[in-house]
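Biologist: Please take a close look at the salt bridges in this model, and tell me what surrounds the charged side chains that form them. Please explain your terms as you go, since I am new to them.

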Amino acid sequence: MDAEDAVRLRRAIARVARALNTSATDEGLTPTQASVLGLIVGNGPVGLPDLQRLEHLNPTMLSRVVGRLDELGLIDRSPDPDDL
């Protein structure tokens, strides 16, 4: 990859990021909330440890994001039956 390719790639990534941020905020979600919701929709039921690994969020932030998605009725947060 030469310098010109890198510049074009950087511009393309910036356009995609702006589009994603706009669509998330149009729906009343932060980009992080939209990203977490997308992972849940794409992967089905997923536990917090898996979401943390996929999103690279600290546990406190992830808990807040998931809690907000639950408050909005976008997900159904339930305890893992394997956790006793």
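Modeller: A salt bridge is a side-chain nitrogen of Lys or Arg within 4 Å of a carboxyl oxygen of Asp or Glu. Side chains of opposite charge can pair when their charged atoms come close.

Before the details, a word on the source. The model is predicted, so local features need pLDDT of at least 70 and side-chain atom pairs count only at pLDDT 80 or more, while totals for chains, interfaces and linings use all residues. Residues are numbered from 1 along each chain as its sequence is written, and side-chain values use heavy atoms, with hydrogens and water left out.

The setting comes next. The protein chain has four helices and zero strands (helices are DSSP runs of H or I of at least four residues, strands runs of E of at least two, numbered from the N terminus). Read from the N terminus, its elements follow the order α-α-α-α. The chain has 84 residues, and 18% of them are buried (buried means under 20% relative accessible area, exposed over 50%, and partly exposed in between, using a 1.4 Å probe on protein chains only). Among contacts with a separation of 6 or more, 37% join residues 24 or more positions apart (a contact means heavy atoms within 4.5 Å).

Now the salt bridges themselves. The whole structure holds four of them. One of these pairs Arg8 with Asp5, and its closest N and O atoms are 2.5 Å apart. Both residues belong to helix α1, which covers residues 3-26. Arg8 and Asp5 are three residues apart, about one turn of the helix. Arg8 has a relative accessible area of 45%, so it is partly exposed. Asp5, at 29% relative accessibility, also counts as partly exposed.

Another salt bridge is found in helix α3, made up of residues 48-55. Here Asp50 pairs with Arg53, with the closest N and O atoms 3.9 Å apart. These two residues are likewise three places apart, about one turn of the helix. Asp50 counts as partly exposed because its relative accessibility is 36%. Arg53 reaches 53% relative accessibility and therefore counts as exposed.

A further salt bridge joins the side chains of Glu71 and Arg68, at 3.1 Å from N to O. Glu71 and Arg68 are separated by about one helical turn because they are three residues apart in helix α4. Glu71 counts as exposed, since its relative accessibility is 63%. Arg68, with a relative accessible area of 37%, is partly exposed. Shared partners also matter in this model: salt bridges join Glu4, Asp5 and Arg8 into one network.

For contrast, consider a charged residue without such a partner. Glu55 is in helix α3. Glu55 is buried but has no salt bridge. The nearest side chain of opposite charge belongs to Arg53, and it is 11 Å away (Lys and Arg count as positive and Asp and Glu as negative, while His and the chain ends are not counted). Leaving out residues up to four places away in sequence, Glu55 touches Ser35, Val36 and Leu39.

After helix α3 comes a residue with an unusual entry in its backbone angles. His56 sits in the loop between α3 and α4. Its phi is near 60 degrees, a positive value in a residue other than glycine. His56 has a relative accessible area of 69%, so it is exposed.

Helix α4, which carries the pair of Glu71 and Arg68, also holds a residue with little accessible area. Val66 lies in this helix, which spans residues 59-71. Val66 is buried, because its relative accessible area is 4%. When neighbours within four places in sequence are set aside, Val66 is in contact with Val36, Leu48, Leu51, Ile75 and Arg77. Val36 appears here as a contact of Val66, and it is one of the residues touched by Glu55 as well. Val66 and Asp76 are 10 residues apart along the chain, and their C-alpha atoms are separated by 9.4 Å.

To pull this together: Asp5 and Arg8 pair within helix α1, Asp50 and Arg53 within α3, and Arg68 and Glu71 within α4. Glu55 is the buried residue with no salt bridge described here.
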